[in-house]
Amino acid sequence: MASRLGYAVIQVRNRYEQDGLFSVHSQAWRATPEFKAAYARGVQAAHGADPGVEWRTHIALWAARVALSARGDFFECGVNAGFLSSAIMHRLNWSELARRFYLIDTFSGPVLEQYSPQEVASGRLRIAQTGLDRGAYVTDIDGIRANFSEWPSAIVVPGAVPEILHSLDPGEVAFVHIDMNCAAPDVAAFEFFWDRLSPGGIVLFDDYGYYGHDSQREAIDAAVRLAGIEILALPTGQGLVVKPPQSQIPSPQSRTKC
């Protein structure tokens, strides 16, 4: 156990304070060439704007690499400028993989009618509307396609969740990133992809534990419980789900007894 003086030195030299997360633990991953290059590619997708989400990105890159052990394609619901998906594809050398990455978004901002009364009362609708008014959501779909043109198997899919999902024929799924800042489409995406997710596949929620997203978290928790599994809450605000082998998933009958 470190002395108080030693701990104080660690705090000064190795402090991470960003994106709602404070830590004095090792951040050696931030200095690796692989992470730096992947993060820089995300910033490039965002037209040079650094959102300051290094640890969140680190989690996503880890989850995407682990998901490569599962069969199937990758999906992102809630792409915006493509920061995270661009970082992932760069890190995984996507052009060398025989997989597709579907990038699903309205590319016109959130669907305001999808917010529940609870989310309206908590101010989520107002925040979304303010973001729309200030241009926080990318609407230049030609620019989006240009960003992803580096990877021929990156497929830009304009449309709203859940409606657009039923036009897809995804087959097997290995990785899903869900980031729509609203309970209804987040849950709909999880429910759509869960049965298609291969054993060992990963679902990563972006805003699961964020302050003010309680209705979103509660709705996701309920959907995950019905699937017979547990979600891992992360200090980055993300939520992580790994699909276990089919034999380890409770039957629908046993779930209803809980």
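**Backbone oddities, two cores and a buried aspartate**

Asn181 sits in the loop that runs between E6 and helix H8 (183–194). In this predicted model, Asn181 has a positive phi of about 60°, even though it is not a glycine. Phe107 does a similar thing: its phi is positive as well, at about 55°, and it is not a glycine either. That residue is found in the loop between E4 and helix H5 (117–121). With a relative accessibility of 4%, Phe107 counts as buried, because the cut-off for that label is under 20%. The backbone has another feature to flag, a cis peptide bond between Val161 and Pro162, with omega at about 15°. Pro162 belongs to the loop between E5 and E6. As a backdrop to these spots, most residues other than glycine have a negative phi, and most peptide bonds are trans.

Now to the packing. In soluble globular proteins, nonpolar side chains tend to be buried together. The largest nonpolar core here holds 40 residues, and the members that touch the most others are Phe74, Ile88, Met89, Leu103, Phe148 and Phe175. Elements giving two or more residues to this core include helix H2 (33–45), helix H4 (83–91), helix H7 (141–148) and strands E4 (101–105), E5 (154–158), E6 (173–178) and E7 (197–205), along with helix H3 (54–67). H3 is the top contributor, with 7 residues. Met89 gives a feel for the contacts involved: neighbours within four places in sequence aside, it meets Trp94, Phe101, Leu103, Phe148, Trp151 and Ala154. There is also a second, separate core of 31 residues, with Phe75, Cys77, Phe205 and Val241 among its members.

Val203, in strand E7, is a handy residue to look at next. It counts as buried because its relative accessibility is 2%. Setting aside residues up to four places away in sequence, Val203 touches Val176, Ile178, Phe190, Leu197, Gly239, Leu240 and Val241. Ile231 lies 28 residues from Val203 in sequence, and their C-alpha atoms are 9.4 Å apart.

Ile231 turns up again in the surroundings of Asp221, a residue of helix H9 (residues 214–226). Leaving out residues up to four places away in sequence, Asp221 touches Tyr208 and Ile231. The side chains of Asp221 and Tyr208 are also joined by a polar contact of 2.5 Å. Despite being an aspartate, Asp221 counts as buried, because its relative accessibility of 16% falls under the 20% cut-off.

Conventions
Residues are numbered from 1 along each chain as its sequence is written. This is a predicted model: local features need pLDDT of at least 70, side-chain atom pairs count only at pLDDT 80 or more; totals for chains, interfaces and linings use all residues. Side-chain values use heavy atoms; hydrogens and water are left out. Helices (H or I, at least four residues) and strands (E, at least two) are DSSP runs, numbered from the N terminus. Buried means under 20% relative accessible area, exposed over 50%, partly exposed in between (1.4 Å probe, protein chains only). A polar contact is a pair of N or O atoms within 3.5 Å; within protein, one must be able to donate a hydrogen and the other to accept it, and residues adjacent in sequence count only if both atoms are side-chain atoms. Contact means heavy atoms within 4.5 Å. A nonpolar core is a set of buried Ala, Val, Leu, Ile, Met, Phe, Trp, Tyr and Cys residues joined through side-chain atoms within 4.5 Å.
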